[in-house]
Amino acid sequence: MLIKIHKSSDCTASQITPESIYLSRRSVLGGSLAGLAVAGLPRIGVASEASRYADVEPGKAPAWFTDKLASTRWGAVTVKGEAITPYKDATHYNNFYEFGPDKGDPAANAGSLKTEPWSVVIDGEVGKPGRYALEDLVKPSQFEERVYRLRCVEAWSMVIPWLGFSLAELLKRVEPTSKARYVRFETLKDPKSMPGQRSSFGLIDWPYVEGLRLDEAMNPLALLAVGMYGRELPNQNGAPLRLVLPWKYGFKSIKSIVRISLVEQPPQTTWQGLAPTEYGFYANVNPTVDHPRWSQARERRLPSGLFSPNVRNTELFNGYAEEVAGLYEGMDLRKNY
Ligand code: MTE
């Protein structure tokens with residue numbers, strides 16, 4: 001993201017496709033999330049869930065994951081008229097600095113991440129703090145497949161079918177106290193398995209940290225993902241548990257989470273700490289608020305090549321204004337970037 005000066009990727013004039021030949025613009029089905037629920041993909045049986053996506057090999061999922069597939073609400077949220085990004089792109093063009101700075105590094109290096117056993121500490125202002133084994137945390141949750149747009153602050157985007165459960169539902173279960181105002185998330189810190197954390201050139205003060213206001217975290221769109229494309233998450237995409245916040249720039253969607261803390265004060269987040277004038281706490285997708293070094297008005301929808309550019313207009317809140325604009329009523333989005 002952005003420690004190095006950004007290259008030509010940010011929608012150079014030569015890459016910009018005339019408006020008339022953009023791929024069809026998306027429109028979210030219905031309005032509210034409730035309206036979106038159960039869009040009704042046919043159930044095709046557990047054994048072949050992975051084959052919903054022709055280009056996807058089944059993974060080696062643990063039982064806590066496969067046991068859930070029969071009751072998963074497939075296609076619970078989707079986008080209309082926008083192609084799902086090929087699995088190969090979604091899993092080989094990644095940002096996961098713990099495994100290196102280049103887009104191919106996570107796929108090449110994340111095999112060293114040990115995702116079983118995995119536990120998550122939930123602490124701070126909650127009635128039920130503790131260290132929860134991932135399988136226990138997941139067991140009471142309703143799995144849903146949600147197809148969301150992912151817009152990176154670097155001005156590329158994808159459309160990804162995530163599998164996961166509602167963050168709000170988990171937070172309610174651990175009973176936030178009346179003092180809880182923010183949620184702080186932390187990624188695993190393990191230099192042994194994460195080569196990027198061993199690099200002496202790195203600027204990041206590990207572990208990677210992200211945060212939300214509690215009401216943002218309780219928004220029905222906020223998802224804790226454990227899978228994508230009908231299978232468990234590949235390591236490079238944040239296995240075994242990551243956040244997905246489709247209305248915010250991708251850096252808010254923290255990967256490989258080991259700690260969730262309910263806190264009174266806004267947490268200091270990784271990118272805000274590194275470059276506060278470039279990356280704000282809110283990081284809501286906004287085509288009218290440019291990054292200091294590049295425009296946010298447009299985005300490259302991957303795959304997008306030099307000779308077949310796929311550039312489209314960026315939408316406010318990444319197209320999810322109806323669901324989230326109320327969270328920011330009366331706020332100056334230019335100041336609160
Ligand atoms: N989480 C951690 N722990 N480390 C990271 O480097 N990169 C973020 C986010 N979550 C990152 C992270 C950024 S910049 C983006 S755009 C998304 O992950 C990318 O998710 P993807 O690789 O699954 O597309």
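The questions and answers below concern the cavities and the bound ligand of this predicted model.

User: How are residues numbered here, and which pLDDT limits apply to this predicted model?

Analyst: Residues are numbered from 1 along each chain as its sequence is written, and side-chain values use heavy atoms, with hydrogens and water left out. Totals for chains, interfaces and linings use all residues, whereas local features need pLDDT of at least 70 and side-chain atom pairs count only at pLDDT 80 or more.

User: How many residues surround the ligand, and which are the closest?

Analyst: A residue is counted as near the ligand if one of its heavy atoms lies within 4 Å of it. By class, the shell has 8 nonpolar, 6 polar and 3 charged residues, where Ala, Val, Leu, Ile, Met, Phe, Trp, Tyr, Cys and Pro count as nonpolar, Asp, Glu, Lys and Arg as charged, and the others, Gly among them, as polar. In total 17 residues surround the ligand, and the closest are Asn-94, Tyr-97, Glu-98, Arg-242 and Lys-255.

User: What distance separates a polar side-chain atom of Asn-237 from an oxygen atom of the ligand?

Analyst: A polar contact here is a pair of N or O atoms within 3.5 Å. Asn-94 places a polar side-chain atom 2.8 Å from a ligand oxygen, and Tyr-97 has a backbone N or O atom 2.8 Å from an oxygen atom of the ligand. For the polar side-chain atom of Asn-237, the distance to a ligand oxygen is 3.0 Å.

User: How much of the area that the ligand exposes when taken alone does the protein bury?

Analyst: Accessible areas come from the Shrake-Rupley method with a 1.4 Å probe. Taken alone, the ligand exposes 530 Å², and the share of this that the protein buries is 100%.

User: Which strand gives the most to the lining of the largest cavity?

Analyst: A cavity is a set of points, on a 1 Å grid over the protein atoms alone, where a 1.4 Å probe fits but cannot get out, and its lining residues have an atom within 4 Å of a point. The largest cavity, which is the space taken by the ligand, holds about 280 Å³. Its lining divides into 15 nonpolar, 6 polar and 3 charged residues. Strands are DSSP runs (E, at least two residues) numbered from the N terminus, and the one giving the most, with 4 residues, is β7 (residues 156-166).

User: What is the volume of the second largest cavity?

Analyst: The lining of the second largest cavity has no nonpolar, 3 polar and 5 charged residues, including Arg-149, Glu-299 and Arg-312. A volume is the space filled by probe spheres set on the grid points, and for the second largest cavity that volume is about 30 Å³.

Technical notes: Polar contact = N/O pair within 3.5 Å; in protein donor to acceptor, adjacent residues only side chain to side chain. 1 Å grid on protein atoms, 1.4 Å probe; cavity = no way out; pocket = protein on both sides within 12 Å on 5 of 7 lines; lining within 4 Å. Sits in = over half its atoms within 2 Å of the grid points.
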